[in-house]
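Here are a few short exercises to help you find your way around. Keep the view open and try each task before reading its solution.

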Amino acid sequence: MPQESTNDPLVQFHNVTFSLPTAANIISDLNLTVEKGETLVLLGESGCGKTTTLKLVNRLLTPSSGEVRVEDRATTAWDPIALRRRIGYVIQEGGLFPHFTIARNVGLVPVLSGWDAARTSERVRELLSLVGLDPERFAERYPRELSGGQRQRVGVARALAADPPLLLLDEPFGALDPLTRASLQREFADLTSRLGKTAILVTHDVREALILARRIGLMHKGRLVLLETPERFLASDNPQAHAYIETLNLSDGGAR
Amino acid sequence: MSFWHFLQLNWSDLLLRVQEHIVLVFIAILAAVIIGVPTGILLTRHRSLRGPVLGIANVMQTIPSLALFGFLIPLPFIGGIGARTALVALVLYSLLPIIRNTVTGILGVEPSVREAAVAMGMTDGQVLRQVELPLAMGVIVTGIRVATVIAVGVTTIAAAVGAGGLGVYIFRGLRQYDNNLLLAGALSAALLALAADFLLGLVERQFSFEAKRRAGLARVALAAGVLLVLVVGISLWRSSGGAGSQTASQSRVAVGSKDFTESALLAEIVAQMLEARGVSVERRLELGGNLPHEALVSGTLDLYPEYTGTAFTAILHHAPISDPRAVYEQVKQDYASKFNVDVSAPVGFENTFAILVRGAEARRFNLKTISDAAPHTTQWRAGFGQDFMSREDGYPGFSKTYGLKFKEVREMDLSLTYIALSSNQVDLIAANSTEGRITTLDLFQLADDRHYFPPYEAVYLVRQDSLARVPALREVLAKLANAISTEDMRRLNFEIDGNKRDPKEVVKEWLAAKAL
């Protein structure tokens, strides 16, 4: 597999296996390098281990064997709190705190990191504007008063708040209607390239992968079976990749 | 007396009881929250502890409250009688709903929210304080609300261990068949429970994210909180003032009684006589079940009135015998050797079963003894209480000893037998010999000429160390030897149960009349 870029690695998986005592391996022998500035999309069906892979990065989980390195240091050598504050995390529906206002949700990590109130508030306004939400209208509302798409924007804003070099996104657009999803995907692609963020995004939607990824990592039964650019992914003769491409053709055919 | 009139006469005392009740519940719930919420949090962090701890709390709640009070009385530090014991029991009862709801509330927090919190780089403490507890607060307050309503109910039983509260009215009302007392106690307790439920319901809604009227509710809850703190403050101030003056006295005597009118009267008599001699007295009256005995042996009480037959059979577990002298001597000897307790000289009356007929019948047939009446019983209907029908020294042995064959035997509530006899519904009953209505309804007590019934002479039981500590005790008990006749006791009982008078006044008058 030829490497496209020679940029510095930000995240590295070295022979990582993750298992629970009760089950077979969830991740088997994973080797993967995520480079600075790229958006890597992990694609696969439910239970293939893609979410587990994400959680190994911010040490919500630790490998059973092998190691995960972030900024060239093993996650087990990091202080987990310090590690997590350098990584933005976005999950489906945003994982917002229902008892916090939007402003408090977004300002959470800055406050935890000890920013003063004025700086935090300034940053919150900036971020809300960045994700397309009017700070005047939204800052003092609660998550339940927002639509799914608006909540998702807040989730992204919260992940960006302390300006982390790395974003982890677990099916961030999964629960949205197709129109909202499409526009958020475009905005997100625009945002990451503009801010130069590195992102690892997990999805089971091959269209989303093709739109957002610089590289697509295809996972199947706990293994990384393919790691390619979108163009090469489409041309691949890997049977799993082929199955995904076929669903694309089918739905395209239906649309025409 | 109408209920309204009763309230007008007694409102200040009733308010005092309400206040005692609120203070007990408030302190108990406060302590239960301080213990229960951290315990619940601990259980969410240590799964293996969850089963055992919740199991223990569960068992705690199934123990009948009177039994729990009984266990606690002999224990050092947390036991004894009075508010402290009641509080320990109340806290134990309140723990389960609070611990359980804390666990349920925290474990019920949306996993994605908790995961997001951890992934944001929150420490475990921050996750707990900023996310889990605020989100679980609604469920936790529901637990506190349930515990509070239960505690308002259980606190009525606390009166049995001398902790005061509205239970005093309820117990007294049950004993004296006084609906006004019962109603005042039960209604107030019910209203308290409803009020607590309502106020905590408001607090609970504070933590739900549905309502937007949170500011207004916050004010209501705040007002309720202030009110509560005020009540507690006032009572603490009061009790600290009271306690300060009481503990100053070296010769303080704790006088107890059982939970019926006569026992309370006998205790009040001693209490007033001691007070007249400058001894300060702590009254622990109307204690339920076996509590007076337990409290006397453990040293919480210095003295209480007892009956020789009860001490002989129920406490010392001897088989009943009929010789009063033998019973008295045996009781005196056993109490001295087993409990270091002295038995006073008999005060002069017995409270045994009295076999009663109408005075008119007694005069017409010239009946003096039960044997005299035996031939007539084939024509008579008898009315007996449930207790007399079932106990060892009751009906079966009684009818056998005298060879009685009634036309009919009716089992009915003891209190109704008097009126049933005087209104010719029945012709013979077994009553308490000191019952006040024996005189007022013109009933006649037949002598137990075959000495079937064990003797139940009234005596005072007093700790030997108390006698040594307070010389006035010996003098008072000596004066009371043989001082109260059966007739006296009937009249005193009737003043309280029949005329609904204040025991303190009645005793004061009687002592003055007897020049004691």
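A residue counts as buried when its relative accessible area is under 20%. The model you're looking at is predicted.

**Exercise 1.** Work out how many residues of strand 3 of chain A are buried, and which way they point.

*Solution.* Start with the range: strand 3 covers residues 39-43 of chain A. Now go through them for cover, and you'll get 5 of 5 buried, so the strand is mostly covered under the 20% cut-off. Next, look at direction: A:Thr39, A:Val41 and A:Leu43 point one way, while A:Leu40 and A:Leu42 point the other way.

**Exercise 2.** Find which strands are joined to strand 3 of chain A by bridges, and name the partners of A:Leu40.

*Solution.* Take strand 8 (residues 198-203) of chain A: it runs parallel to strand 3, with 5 bridges between them. There, A:Leu40 is partnered with A:Ile200. Then go to strand 9 (residues 215-220) of chain A, also parallel to strand 3 and joined to it by 4 bridges. In strand 9, A:Leu40 has A:Arg215 as its bridge partner.

**Exercise 3.** Is A:Asn58 buried or exposed, and what does it touch?

*Solution.* First, place it: A:Asn58 sits in the loop between helix 1 (50-57) and strand 4 (65-70) of chain A. Its relative accessibility is 0%, so A:Asn58 is buried. Finally, skip residues up to four places away in sequence, and the residues A:Asn58 touches include A:Leu83, A:Tyr89 and, from chain B, B:Ala119.

Conventions. Residues numbered from 1 in each chain as written. Chains lettered and ligands numbered in written order. Predicted model: local features only at pLDDT ≥ 70, side-chain atom pairs only at ≥ 80, totals over all residues. Heavy atoms only, no water. Helix = DSSP H or I, 4+ residues; strand = E, 2+ residues; numbered from the N terminus. Buried < 20%, exposed > 50% of the residue type's maximum accessible area, 1.4 Å probe, protein only. Contact = heavy atoms within 4.5 Å. Pairing = 2+ DSSP bridges.
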